[in-house]
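Biologist: I should be grateful for a close look at a single part of this protein. Please take one strand and explain how its surroundings are built.

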Amino acid sequence: MRTSHCIIRSFSPKRLIIFVVASTLIYVMLLRNSTLNDERRIAATEEQVRSVNVIQQSKNVGVAERDHEIKDPVELEIARQTLTFLNMEDAVTKPKPPVKIAQEDGSCPIVERIPDLQGALPQATLLIQNLQEGEVHAVHPEIGPGGSWKPNDCQARDKIAVIIPYRDRQTHLTRLIDFLIPILQRQRLDFRFIVTEQYGNDLFNKGRIMNAAFIFAESLGVDCVVFHDVDMFPQDDRNPYSCPPGPRHLGAFVSNLGYQLWYKEIVGGVLAVSMADYRAVNGYSNQFWAWGGEDDDMGQRILSLNYTIERPNPETGRYSMLKHVKRKRTAPKLIYKLLGNSANRVAYDGLNETDKWSIRKVTTRPLYYHLYVDVGPVPEEWRAKA
């Protein structure tokens with residue numbers, strides 16, 4: 001200590017200042033290196049903690065997945081599509097170059113040759129609740145009165161009307177129209193929607209309100225109609241809604257039926273048919289009340305006249321059915337009795353019985369034509385069974 005003190009005293013003032021400055025710089029550099037080392041150690045520790053947390057969360061997720069394993073392959077497929085949709089990045093996509101659609105004669109190509117179809121469709125939008133008609137129309141201002149639209153880049157091959165039988169499912173109806181509009185637009189169809197609703201709250205007669213809607217569709221000059229249940233949502237836009245050469249059962253492969261075709265005469269859910277073919281089978285039967293039977297009767301009518309029921313590709317022709325409260329058949333014996341002689345009733349039970357219903361009111365709404373149909377009194381034998 002004394003030696004150091006003597007050395008310092010021997011310095012001149014100028015040298016002493018230089019010595020102090022140099023010592024200070026060395027001290028600051030040593031302190032900075034120590035701080036950096038501490039920061040590196042802290043960062044490494046935090047990274048280890050994060051890694052442990054991620055591993056623990058993965059274990060927890062694995063346990064949850066085992067506890068709530070989805071065993072139904074249909075629900076698993078819908079869940080996969082939903083997650084795919086929800087995990088899409090919010091990146092701005094580059095605008096696609098315009099695709100030439102019109103053929104040499106200016107007409108639109110058949111659906112199978114349209115180049116800008118998307119294929120498999122995300123089903124996550126089916127989870128949306130309380131979608132309002134005004135919101136749908138705001139997104140699609142190009143839609144005309146009655147939900148009408150036609151392509152402007154080619155001449156549509158087919159002019160169709162989508163007929164939706166309706167009762168007490170407003171949230172399903174709005175979602176369905178919102179879902180179908182872009183599909184029908186990409187398929188370059190000249191389309192409009194007809195919502196046919198039974199007047200009053202008595203026993204439902206689906207056949208009569210369908211026949212009434214068909215008569216109204218004829219007044220619009222369409223080439224074919226697509227009868228579409230309100231809870232059926234296509235999973236692929238390559239399933240053609242165009243006019244078929246013969247009756248086409250679009251809704252053949254449905255989620256709640258395991259995507260299986262259970263019997264040959266089934267035509268429920270979604271059915272496309274030309275105006276001429278619908279008249280040939282005399283439309284739907286007017287004799288089925290409450291729920292069930294009229295679709296199977298229609299299938300038997302079609303087959304009895306030696307038509308072939310066309311069905312889509314099982315991979316691209318799939319539908320998701322929204323869950324809802326199932327309505328039980330109120331008179332199964334009456335239904336089975338009628339189904340036993342479907343072919344015999346074609347000539348007199350159906351579209352040609354125009355006294356069985358009357359259209360009380362037609363309202364042209366922004367997204368669809370709304371029909372209120374009076375289906376007449378319910379036969380007592382059906383009411384007694386109900």
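Modeller: The following account begins with one strand and then moves outward to its neighbours.

The model is predicted, so local features need a pLDDT of at least 70 and side-chain atom pairs count only at pLDDT 80 or more, while totals for chains, interfaces and linings use all residues. Residues are numbered from 1 along each chain as its sequence is written, and side-chain values use heavy atoms, with hydrogens and water left out.

The chosen part is strand 2, which covers residues 190-198. Helices (H or I, at least four residues) and strands (E, at least two) are DSSP runs, numbered from the N terminus. Nine of the nine residues of strand 2 are buried, so the strand is largely enclosed by the rest of the structure. Here, buried means under 20% relative accessible area, exposed means over 50%, and partly exposed lies in between, with a 1.4 Å probe and protein chains only. Both faces of strand 2 are covered. Asp190, Arg192, Ile194, Thr196 and Gln198 lie on one side, and Phe191, Phe193, Val195 and Glu197 lie on the other.

Strand 2 belongs to an open sheet of seven strands with mixed pairing, in the order 5-7-3-1-2-10-9. Strand 5 (248-249) and strand 9 (358-364) stand at the edges with a single partner strand each, so one side of each has no neighbour in the sheet. Two strands pair if DSSP finds at least two bridges between them. Strand 1 and strand 2 run parallel and are joined by eight bridges. Strand 2 also pairs with strand 10 in the parallel sense, over five bridges. Thr196 illustrates both pairings: Pro165 stands opposite Thr196, and in strand 10 the bridge partner of Thr196 is Leu371.

Ile194 leads from the sheet to the interior. Leaving aside residues up to four places away in sequence, Ile194 touches Ala161, Val162, Ile163, Ile164, Ala213, Phe216, Ala217, Leu220, Tyr369 and Leu371; contact means heavy atoms within 4.5 Å. Ile194, Val225 and Tyr278 have the most contacts inside the largest nonpolar core, which has 40 residues. A nonpolar core is a set of buried Ala, Val, Leu, Ile, Met, Phe, Trp, Tyr and Cys residues joined through side-chain atoms within 4.5 Å. Among the elements that each supply at least two residues of this core are strand 1 (159-166), strand 3 (224-228), helix 8 and strand 10 (369-374). Helix 6 gives the most to this core, with seven residues. A second, separate core of 37 residues includes Leu121, Val162, Cys243 and Leu322.

Helix 8 (residues 294-304), one of the contributors to the largest core, is mostly covered, with eight of its eleven residues buried. The buried residues are Glu294, Asp295, Asp296, Asp297, Met298, Gly299, Arg301 and Ile302. These buried residues pack against helix 6 (206-219), strand 7 (270-274), helix 7 (275-280), helix 9 (332-339) and helix 10 (342-345). Just after helix 8, Asn306 takes a positive phi of about 65°.

A further open sheet has three strands in the order 4-8-6, again with mixed pairing. Its edge strands are strand 4 (232-234) and strand 6 (253-254), each of which pairs on one side only. Strand 4 and strand 8 (residues 318-321) pair in the antiparallel sense over three bridges, and Phe233 stands opposite Ser320 in strand 8.
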